[in-house]
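Student: Could you take me through one part of this structure slowly? I am new to it and would like a close look at a single piece.

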Amino acid sequence: MNEYESSTVSKMLEAAGFTMVKNPDQAELVLLNTCTVRDQADEKVWNRLDNLIPQKRKFKAKKVAVLGCMVEAQRDAFLKRYPQIDLLLSPAQLKNIGTELEQVTNRNFDSYESYEYVHEANSSLFKSYLPIQTGCNFNCTYCIVPAVKGREVNHSPETLLNKVDSLVRSGVREVTLLGQTINSYRWEKTRFADLLESLASNYPSTWFRFLTSHPVLFDLRIIDVMSHYKNLCPFVHIPAQSGSDRILRSMKRGYTVSKYLDLIDRIREKIPGACISTDMICGFPGETEEDFKQSLNLMQRVRFETAFMFFYSERKETVAAGMQDSIPVELRKQRLQQMIDLQMDLQSTIYQERLGGIVEVLVEGRARRGKDFLKARSAGNFPVFFEGDSNLIGSIQKVRLIHASSHSFKAELISQERLLNA
Ligand code: SF4
């Protein structure tokens, strides 16, 4: 979501006459779009500001703006530590960024909305995000998102179909639907599965994926619809967070390990070759060696294609921050390293097992690694590189996977039949 918002703001700035510079030290205007989910993210922002704010003394025209969730959570801390910041905007205030930037920069801006749902300025022209929901109605005890993003708000199916229509008309081949718990989507009688079905059937040549699913709300109809439409990518990001029922209860996740595993089994049974990705947290308050072992067991049992792994980070104003039995940070870090090592081992076996397989990929552009190489992404969300001509960029191709590294595949092209403009 942050990438999407940052790219929308970039488009506004470019339209107002700004050009992007590589080094923020040379910039006339610096915007930091913040995330406050983990302490490390906060620290990065403070470190950046420690460096940027003193530059304002030397370079009077320099403006600094801070956007995003950290502003909602720590506005007073920003005002106290750096009253020189020119603009502070919480997620709820982002829609007003045009007017606010006019005051800071003396340039004219169109509204934020007018730059949404158009091609991303700085990335592939063939892919786009589409937020369908904001906020979250869950209350996981470790999570600050509901406090900073508010309650869930969904966009109407009509609005979303119109947005997809304009994206597809402008050449987008892949749309990633975004929502904090995307499968909770509901608009009157339309559930998430209905929305998926309507998008997939109306735009059969467009790939759709979605992030992030909550295990509790992943109903069988979503799986049925995904198995039925080839353009619904067989990729599901479905955070498990822990492999211990005791910890899941303490996190208030609302499911047990066995329920989670049943769901994964059903997805894999109905959608052969489905790629499953997860988030895992280790070192949650009270996590024993046994609880941690159960998390590793879960990872071994599921064999996630990708995993985003973190050690627990206290967030003020969350229930977990006040819990007893805090785990020493050093131990959290050790456990995280064990998790990462295990995932890397599993991933390398999974990648090896896929060698020789034929997959469809969306060709995103030229690869940096070799002038004849193209970079692409498979429907299952693996990065894939293969030799090919530039006229394939923007098309969906079939390739055979011939070599695996730790995070990507090398492949060979086996069909050229679906060129975008053919
Ligand atoms: S469902 Fe996700 S966003 Fe919502 S509270 Fe839980 S972890 Fe946070």
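Tutor: Here is a walk along one helix and its surroundings. This is a predicted model, where local features need pLDDT of at least 70, side-chain atom pairs count only at pLDDT 80 or more, and totals for chains, interfaces and linings use all residues. Residues are numbered from 1 along each chain as its sequence is written.

Our piece is helix H12, residues 289–302; helices (H or I, at least four residues) and strands (E, at least two) are DSSP runs, numbered from the N terminus. H12 has 14 residues and reaches 20 Å from its first C-alpha to its last, close to the 20 Å expected at 1.5 Å a residue (that is, 1.5 Å times one less than the number of residues).

Now look at its two sides. A residue is buried if 20 or more other C-beta atoms, placed from the backbone, lie within 10 Å of its own, exposed if 12 or fewer, and partly exposed in between. Phe292, Gln294, Ser295, Leu298, Met299 and Val302 are the buried residues of H12. Seen down the helix axis, they fall within an arc of 155 degrees (taken from the directions from the axis to the C-beta atoms), so they line one face of H12. These buried residues pack against helix H11 (257–270), strand E12 (275–282), strand E13 (306–311) and helix H13 (329–354), with contact meaning C-beta atoms within 7 Å. The face turned away from the buried side carries exposed Glu289, Glu290 and Arg301.

Asparagine 297, also in H12, is partly exposed because 13 other C-beta atoms lie within 10 Å. Just after the helix, arginine 303 takes a positive phi of about 55 degrees.

Definitions and conventions. Contact = placed C-beta atoms within 7 Å.
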